[in-house]
Amino acid sequence: MGRVKVAGENREHDVVVYSLSSCSPCKRAMRLLKDMGVEYEYIHLDTADPDDRGEAMIEIGEFLPGRGIQLSYPIIIVDDLVTIIGFSERKLRKMFEELP
């Protein structure tokens with residue numbers, strides 16, 4: 001898949017960010033992850049090739065909490081368990097403080 005890896009000192013968790021290239025909250029989330037030293041991968045869905053975008057949308061669908069949810073970006077998936085939809089600095093910081 002067309003993900004880009006961003007190196008970080010904190011490699012304890014598998015973090016994937018699904019974003020849009022022009023999305024300000026997406027940029028802020030990725031900047032915060034980088035500032036926190038978290039290694040992560042991202043894919044900009046709007047600029048990804050159609051096959052990668054389709055694969056990413058299937059992956060996202062596996063983590064959404066049910067039908068009828070309105071998509072908001074970024075979508076951050078941690079360890080195939082925790083999903084954050086949208087950007088909240090408080091939630092993102094708290095999540096990494098509480099994860100084992």
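Good morning, colleagues. The chain that I present today comprises three helices and five strands. What we have before us is a predicted model, and I ask you to keep that in mind throughout. Read from the N terminus, the order of the elements is β-β-α-β-α-β-β-α.

Let me begin with the overall form. The C-alpha trace extends over about 35 × 25 × 25 Å along its principal axes. For 100 residues, a compact globule would be expected to show a radius of gyration near 13 Å, and the value for this chain, 13 Å, agrees with that. Of the 100 residues, 40% are buried. As for contacts between residues at least 6 apart in sequence, 64% of them link residues at least 24 apart.

I turn now to strand β2, residues 15-19. How many of its five residues are buried? The count is five of five, and the strand is accordingly described as mostly covered. In a regular strand, side chains point alternately to one face of the sheet and to the other. In β2, Val15, Val17 and Ser19 lie on one side, Val16 and Tyr18 lie on the other, and all of these are buried, which leaves both faces covered.

Which strands pair with β2? One partner is β4, which runs antiparallel to β2 and is joined to it by four bridges. Within that pairing, tyrosine 18 faces isoleucine 75 of β4. Another partner is β3, residues 40-44, which is parallel to β2 and also connected through four bridges. Here serine 19 has histidine 44 as its bridge partner. The route from β2 to β3 passes through helix α1, residues 24-35, and the three elements form a right-handed β-α-β unit.

Strand β3 also holds our next item. Searching the whole structure for aromatic pairs yields one. Its members are tyrosine 40 and tyrosine 42, whose ring centres are 6.4 Å apart; their planes meet at 45 degrees, so the pair is classed as tilted. Tyrosine 40 and tyrosine 42 are both buried.

Next, the cysteines. The model contains one disulfide, and this bond connects cysteine 23 with cysteine 26, at an S to S distance of 2.4 Å. Is the disulfide right-handed or left-handed? The torsion about the S-S bond is about 75 degrees, and the disulfide of cysteine 23 and cysteine 26 is therefore right-handed. Both partners fall below the 20% limit for a buried residue: cysteine 23 has a relative accessible area of 12%, while cysteine 26 has 0%.

I close with some details of the backbone. Between tyrosine 73 and proline 74 the peptide bond is cis, and its omega is near 5 degrees. Proline 74 sits in the loop that runs between α2, residues 50-63, and β4, residues 75-78.

After β4 comes another loop of interest, which lies between β4 and β5, residues 82-85, and contains aspartate 79. Aspartate 80 is found in the loop between β4 and β5 as well. What is notable about phi here? Aspartate 79 has a positive phi, near 55 degrees, although the residue is not glycine. For aspartate 80, phi is likewise positive and near 55 degrees, again in a residue other than glycine. Aspartate 79 has a relative accessibility of 28% and therefore counts as partly exposed.

Thank you for your attention.

Terms used:
Residues are numbered from 1 along each chain as its sequence is written. This is a predicted model: local features need pLDDT of at least 70, side-chain atom pairs count only at pLDDT 80 or more; totals for chains, interfaces and linings use all residues. Side-chain values use heavy atoms; hydrogens and water are left out. Helices (H or I, at least four residues) and strands (E, at least two) are DSSP runs, numbered from the N terminus. Buried means under 20% relative accessible area, exposed over 50%, partly exposed in between (1.4 Å probe, protein chains only). Two strands pair if DSSP finds at least two bridges between them. A crossover is right-handed if, with the strands pointing away from the viewer, the path from the first strand over the helix to the second runs clockwise. Rings of Phe, Tyr and Trp (its six-membered ring) pair if their centres lie within 6.5 Å; planes under 30 degrees apart count as stacked, over 60 as edge-to-face and the rest as tilted. A disulfide is a pair of cysteine sulfur atoms within 2.5 Å. The radius of gyration is taken over C-alpha atoms; the globule rule is 2.2 Å times the number of residues to the power 0.38. Contact means heavy atoms within 4.5 Å.
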